[in-house]
Amino acid sequence: MSEKFDAIIVGAGPAGIACAYELGKAGLKVLLLERGEYPGSKNVMGGVLYRKMMEEIVPNFHQEAPLERPIVEQRFMMMDKTSAVTFSYKGLEWAQEPFNNFTVLRAKFDQWFAAKAVEQGALLVNETVVLSCIVEDGKVVGVRTDRPDGELRADVVVLADGVNSLLAKSLGFHKEFRPDEVALATMEILKLDKRIIEDRFNLEEGQGCTIELFGDATKGILGTGFLYTNKDSLSIGVGTLLSGLIKHKIKPYELIEYVKKHPMIRPYIQGAEPQEYLAHLIPEGGYHSMPKVVGAGVLVVGDAAQLVNAIHREGSNMAMTSGRLAAEAIVAAKAQGDFSESSLSSYRQALMGSFVGQDLKKYKDATHHFDKFPQYFDQYIPMMNRAASQMLTVDGTSKRQKQKKIWRDIGPMKAKFKIARDMYRAWKVMK
């Protein structure tokens, strides 16, 4: 490949493919490089794809994409060791077009999405590792790969190479991320008959459900577990900050096994057969950990730019939006013949003005706060479960007496003030 490209995109995940699709559609010569055997072979996410952001790129995609189930119910389970308080919303409006979100399996979906980008004119090359960026006179002008004669040139390079972007780091865009800025997610795919899934999760044919797990699912470490319904399988997993795993000396596979054996989860997965095990780093640092995302001849998108809303467990939608906005900035720069940092900075402005930047800013202190004060997970969730048990147990004790006992069990007035203060602090970082 001796020719020069308009853009080279490193990484065929949601952000990179979205960027390639938009650039190809605009008629630019774009090269999409993927280190895996195929797009999706090295990618993992909880398994939820949001319709709105994907549809802005590929209209009516749900009519042909390899989707699993449209989600009609979202449950949130606050777990103790032998109990759970569960909140949920189920809406049949989500069971109808245009839908809200879907469960997906990345190995299938990413291949389909990449094929759509190729249809638009992008050139996809798999099994290619980008070793470094080529920098001349302070501007990125291409990449070096592990292939023979592997230097490739382009007006712009888009870094979509994941949370631990060595390329962005080599350009000085960020330092090594700390363990409290990165989570490790482990997930298993469990084979289960679709009728059993629908019966256990109280679903009509073809409908889906997601369950987010808090508290004992992570043994009180900051993070969440999840259980999602696919067509004929379940996605179960847990993601926690690396700092928490290190501090508590817990191995990731121990956590997922703990969740699978938990009495609140075990009935859902009984009889299911393990098919696949996946592990992946997820950026959790948010707004304060965002690297520089624009340079001369280079843009950073998706996980490489720390674009994950850890509070709402959103990442793929932010990634795809960042890829689309990056493509728009590149098309504008191409029209001007100017690929300087100043010209490409419209990407950062559009990114921070979109829901991506606004949500990251809204929750900028949330992850750090809940990591600093673990009592929200290891004390308050069990306390809530005990209170629910006492109030709902019919044993001849009056409800007023039960309320008084719950109030006493909280502790002295100092402990009550501490809880009130913590609730106020939580509200401040979430408002």
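**Results: cores, helices, loops and a cavity**

Ser322 lies in helix α9 (helices are DSSP runs of H or I with at least four residues, strands are runs of E with at least two, and both are numbered from the N terminus). The model is a predicted one, in which local features need pLDDT of at least 70 and side-chain atom pairs count only at pLDDT 80 or more, while totals for chains, interfaces and linings use all residues. Residues are numbered from 1 along each chain as its sequence is written, and side-chain values use heavy atoms, with hydrogens and water left out.

Ser322 has a relative accessible area of 0%, so this residue counts as buried (buried means under 20% relative accessible area, exposed over 50%, and partly exposed in between, with a 1.4 Å probe and protein chains only). Setting aside neighbours within four places in sequence, Ser322 is in contact with Ala15, Val301, Gly302, Leu307, Tyr347 and Leu351 (contact means heavy atoms within 4.5 Å). The surrounding helix is mostly covered as well, since 15 of the 21 residues of α9 are buried. At 1.5 Å a residue, those 21 residues should span 30 Å, and the 31 Å between the end C-alpha atoms of α9 agrees with this (the expected span is 1.5 Å times one less than the number of residues). Just after α9 comes Gly337, with a positive phi near 65°.

The nonpolar cores come next (a nonpolar core is a set of buried Ala, Val, Leu, Ile, Met, Phe, Trp, Tyr and Cys residues joined through side-chain atoms within 4.5 Å). The largest core holds 74 residues, and Phe113 and Tyr347 touch the most other members. Helix α9, residues 316-336, gives the largest share of this core, with 9 residues. When residues up to four places away in sequence are not counted, Phe113 touches Pro14, Ile17, Ala18, Met54, Ile57, Val58 and Met320. A second core, separate from the largest one, has 27 residues, among them Val72, Leu213, Ile269 and Ala272. In soluble globular proteins, nonpolar side chains tend to be buried together.

Two strand residues bring together parts of the chain that are distant in sequence. Leu124, in strand β7 (residues 123-125), counts as partly exposed because its relative accessibility is 24%. Leu124 and Val30 are 94 residues apart along the chain, yet their C-alpha atoms are separated by 8.8 Å. Leaving aside neighbours within four places in sequence, Leu124 is in contact with Ala12, Leu32, Glu34, Pro39, Ala114 and Val118. Met187, in strand β11 (residues 182-191), is buried, with a relative accessible area of 6%. From C-alpha to C-alpha, Met187 and Glu276 are 8.2 Å apart in space, although their positions lie 89 residues apart in sequence as a separation.

Where is there empty space inside the model? A search of the whole structure finds 1 cavity of 30 Å³ or more (on a 1 Å grid over the protein atoms alone, a cavity is a set of points where a 1.4 Å probe fits but cannot get out, and lining residues have an atom within 4 Å of a point; points are joined across faces, edges and corners, and the volume is the space filled by probe spheres set on them). The largest cavity contains about 90 Å³ of space. Its lining has 14 residues, of which Gly286, Val308, Ala310, Tyr363 and Thr367 are the closest to the centre. Two or more lining residues come from each of the helices α12 (355-362) and α13 (366-372). The lining divides into 7 nonpolar, 4 polar and 3 charged residues (Ala, Val, Leu, Ile, Met, Phe, Trp, Tyr, Cys and Pro count as nonpolar, Asp, Glu, Lys and Arg as charged, and the others, Gly among them, as polar). Helix α13 also holds His369, which is buried, with a relative accessible area of 8%. Beyond neighbours within four places in sequence, His369 is in contact with Tyr376, Arg425, Ala426 and Val429.

Finally, the backbone angles deserve a look. Most residues other than glycine have a negative phi, and most peptide bonds are trans. Asn202 is not a glycine but has a positive phi of about 60°; this residue lies in the loop between α5 (194-200) and β12 (208-215), and at 57% relative accessibility Asn202 counts as exposed. Lys249, also not a glycine, has a positive phi of about 55°. Lys249 is placed in the loop between α6 (242-248) and α7 (252-261) and counts as exposed at 74% relative accessibility. A cis peptide bond, with omega about 10°, joins Glu97 and Pro98, and Pro98 is found in the loop between β5 (84-90) and β6 (101-103).

Terms used
1 Å grid on protein atoms, 1.4 Å probe; cavity = no way out; pocket = protein on both sides within 12 Å on 5 of 7 lines; lining within 4 Å.
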